[in-house]
Amino acid sequence: MLAYLMLLDTERERQQFVVLYECYRDALFYVANYILKDESRAEDAVHETYLKVLNHLDKIHDEDYRILKKYLKNKEKYPELRLSEFLKKKNQKSCHKVWNYIVTILKNTIYDELRVEKRRMEIPYEEYVMSEGEDLIGLDSLVSKSDEEQYVLHCISRLPYPYKEVLYLQYYQEYSSKEIGELLNKSPASIRQISKRGRDKLKKWIGEGGYSL
C-alpha cells in the first residue's frame, strides 16, 4: 500500500485511500477473478483500478469516508463483520454507491485490457450479490425503491457493458457525460450516444413490464 500512498499529496488523501483500500480490496479481487478466471491478472486489474481511484478521491463524499472508517473500526473488534451487514444495520445507503463507482472502474479496466489484446468476448455481467464471505452489492440493493423503480433497475442490470454502467452513473449517481467519459476513457459525445442507445434498449423491456421510461 505504501507505493499508492507515496503518490498522494496530503495526509487527508492518504487516509481516504487507506479506507477505500481496506474496505473494498478483497471484494474487487473477487469480481476481477470471477471475470478473468486468472488470479494473477485479477491482481493486476485491482492494482490498476486503485491507481485510477487515486485521481478520483474527491468523487466520494466525506460522510461516506466517515461511515466506512467506522466500519473498519468495528471490524477490528468483530473480524467476521461484513460491510453489507454493517451498512444495513446502520441504515447507510449512500455508501453502496461507493462500491458501484469503484467496481465500474474495475470492469472498465478489464474491458480496456481485453480490447487491447483483441480478445473481446461476451463476459456475463450478472449483478454481484453478496455471497458467503464477500461484500458485493447489486444495483437493486442500493436503496428502498418503489416497484417501478426496482423494475427499471432490474432492466438496467440486464444491459451489456457499457450501457448499464453509463445509465447507472448518469441517472443514479447524477454524473455528467464529461465525468462519465473521464471515468470510462470515452468522449462526452460517445457517452451521450451510448446513453441514447441504452435508453432505446430499455424502452421495450420496461414497456413489457407495464411501465414507461
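## A walk through the helices and their salt bridges

Let's start inside: Leu68 is buried, with a relative accessible area of 0%. Keep in mind as you look that this is a predicted model. Leu68 belongs to helix H4, which runs over residues 62-77. From there you can step across to Phe86: the two are 18 residues apart in sequence, and their C-alpha atoms sit 9.4 Å apart in space.

For a pairing with a longer stretch of chain in between, go to Tyr151, in helix H7 (residues 147-158). Its C-alpha atom is 7.6 Å from that of Ile206, although 55 residues separate the pair along the chain. Is Tyr151 buried or partly exposed? With a relative accessibility of 22%, Tyr151 counts as partly exposed, because the cut-off for buried is under 20%.

Now for the charged side chains. How many salt bridges does a search of the whole structure find? The search turns up eight, and a few of them make a nice tour of helices H2, H3 and H4.

Begin at the start of H2, which covers residues 11-36, where Glu11 and Arg14 are three residues apart, or about one turn of the helix. An α-helix has 3.6 residues a turn, so residues three or four places apart point the same way. Glu11 and Arg14 do form a salt bridge, with 3.3 Å between the closest N and O atoms. Glu11 is partly exposed at 47% relative accessibility, and Arg14 is partly exposed too, at 24%.

Right beside Glu11 in the numbering, Arg12 looks elsewhere for its partner: its side chain meets that of Asp62 in a salt bridge, 2.6 Å from N to O. Since Arg12 is in helix H2 and Asp62 in helix H4, this pair ties together parts that are 50 residues apart in sequence. Arg12 counts as partly exposed, at 49% relative accessibility. Asp62 is partly exposed as well, with a relative accessible area of 48%.

Further along H2 comes Arg25, whose side chain forms a salt bridge with that of Glu43, at 2.1 Å from N to O. This pair links distant parts of the chain, with Arg25 in helix H2 and Glu43 in helix H3, 18 residues apart. Arg25 and Glu43 don't stop at a simple pair: salt bridges with shared partners join Arg25, Asp26 and Glu43 into one network. Which of the two, Arg25 or Glu43, is buried? Arg25 counts as buried, at 17% relative accessibility, whereas Glu43 is partly exposed, at 33%.

Glu43 brings us to H3 itself. At 1.5 Å a residue, the 15 residues of this helix (residues 39-53) should span 21 Å, and the C-alpha atoms at its ends are indeed 21 Å apart, so expectation and model agree. At the start of H3, a side-chain oxygen of Asp38 comes within 3.0 Å of the backbone nitrogen of Ser40. Which residues of H3 are buried? They are Arg41, Ala42, Ala45, Val46, Thr49, Tyr50 and Val53.

Last stop, the cysteines. Cys23 is buried, with a relative accessible area of 9%, and Cys155 is buried at 0%. A disulfide is a covalent bond between the sulfur atoms of two cysteines. How many disulfides does the structure hold? The count is zero.

Terms used: Residues numbered from 1 in each chain as written. Predicted model: local features only at pLDDT ≥ 70, side-chain atom pairs only at ≥ 80, totals over all residues. Heavy atoms only, no water. Helix = DSSP H or I, 4+ residues; strand = E, 2+ residues; numbered from the N terminus. Expected span 1.5 Å × (residues − 1). Buried < 20%, exposed > 50% of the residue type's maximum accessible area, 1.4 Å probe, protein only. Polar contact = N/O pair within 3.5 Å; in protein donor to acceptor, adjacent residues only side chain to side chain. Disulfide = S-S within 2.5 Å. Salt bridge = Lys/Arg side-chain N within 4 Å of Asp/Glu carboxyl O.
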